[in-house]
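Thank you all for making the time this morning. I would like to walk through one model with you, going from the overall layout down to a few individual residues.

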Amino acid sequence: GDRTSVDALVRTLAARGDAAAARTALTRAYAGVEGLGRTITHESVHFLQGMAAVQRSSGQESAALASLRSALDIANRLAAGDVADSVPAY
């Protein structure tokens, strides 16, 4: 389904410093997506962007950067039409 409102909620909660609530909302919203973060899908891109916001809010800047790199890699592959099943994990 469309997770746009949850994505916005996650960003808002993370920006307010409530990383725990943001992580909970993010994981609940994307719980049913198979291969999340490893598959070449728009859901993976959005999940990884949300996870980066949560990680940054928690003071995990390196982890946030790695999540954003993974999201960018997936987005680039989607744009190129490469929808193979997996991407390298960072």
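In what order do the elements of the protein run from the N terminus on? They run α-α-α-α, and the count that goes with this order is 4 helices and 0 strands. Please keep in mind throughout that this is a predicted model, and that what I quote is computed from it.

Let me begin with the overall dimensions. For 90 residues, a compact globule would be expected to have a radius of gyration near 12 Å, and the protein comes out at 13 Å, which agrees with that expectation. Taken along the principal axes, the box filled by the C-alpha atoms is roughly 35 × 30 × 20 Å. Of the 90 residues, 38% are buried, and if we look at contacts between residues at least 6 apart in sequence, 53% of them join residues that are at least 24 apart.

Turning to the surface, the protein exposes about 5,400 Å², and carbon and sulfur atoms supply 52% of that area. As for charge, there are 9 positive and 9 negative side chains, with the centres of the two sets lying 7 Å apart.

Now to helix α2, which covers residues 19–29 and has A19, A22, A25, L26 and A29 as buried residues. Why can we say that these buried residues line one face of the helix? Seen down the axis of α2, they fall within an arc of 130 degrees, so one face is what they line. As background, an α-helix has 3.6 residues a turn, so residues three or four places apart point the same way. On the face of α2 turned away from the buried side we find the exposed residues A20 and R28, whereas the cover over the buried residues includes α1, residues 4–15, and α3, residues 42–57.

From there I would move to the loop between α2 and α3, where T41 has its place. With a relative accessible area of 23%, T41 is partly exposed, given that buried would require a value under 20%. Which residues does T41 touch once its neighbours within four places in sequence are left aside? T41 is in contact with I74 and L78. In addition, T41 and R77, although 36 residues apart in sequence, have their C-alpha atoms 9.3 Å apart in space.

Helix α4 itself, residues 61–80, is where D73 is placed. D73 is partly exposed, at a relative accessible area of 27%, and its C-alpha atom is 11 Å from that of G37, the two residues being 36 apart in sequence.

Finally, let us look past the end of that helix. Is G81, in the segment after α4, buried or exposed? Its relative accessibility is 55%, and therefore G81 counts as exposed, the threshold for that class being over 50%. Between G81 and L13, which are 68 residues apart along the chain, the C-alpha atoms are separated by 33 Å.

That is where I will stop, and I am happy to go back to any of these residues on the screen.

Definitions and conventions:
Residues numbered from 1 in each chain as written. Predicted model: local features only at pLDDT ≥ 70, side-chain atom pairs only at ≥ 80, totals over all residues. Heavy atoms only, no water. Helix = DSSP H or I, 4+ residues; strand = E, 2+ residues; numbered from the N terminus. Rg over C-alpha atoms; globule rule 2.2 N^0.38 Å. Buried < 20%, exposed > 50% of the residue type's maximum accessible area, 1.4 Å probe, protein only. Contact = heavy atoms within 4.5 Å. Areas by Shrake-Rupley, 256 points an atom, 1.4 Å probe, with all protein chains shown as cover. Lys, Arg positive; Asp, Glu negative; His and termini not counted. Charge placed at Lys NZ, Arg CZ, Asp CG, Glu CD. Arc of directions from axis to C-beta.
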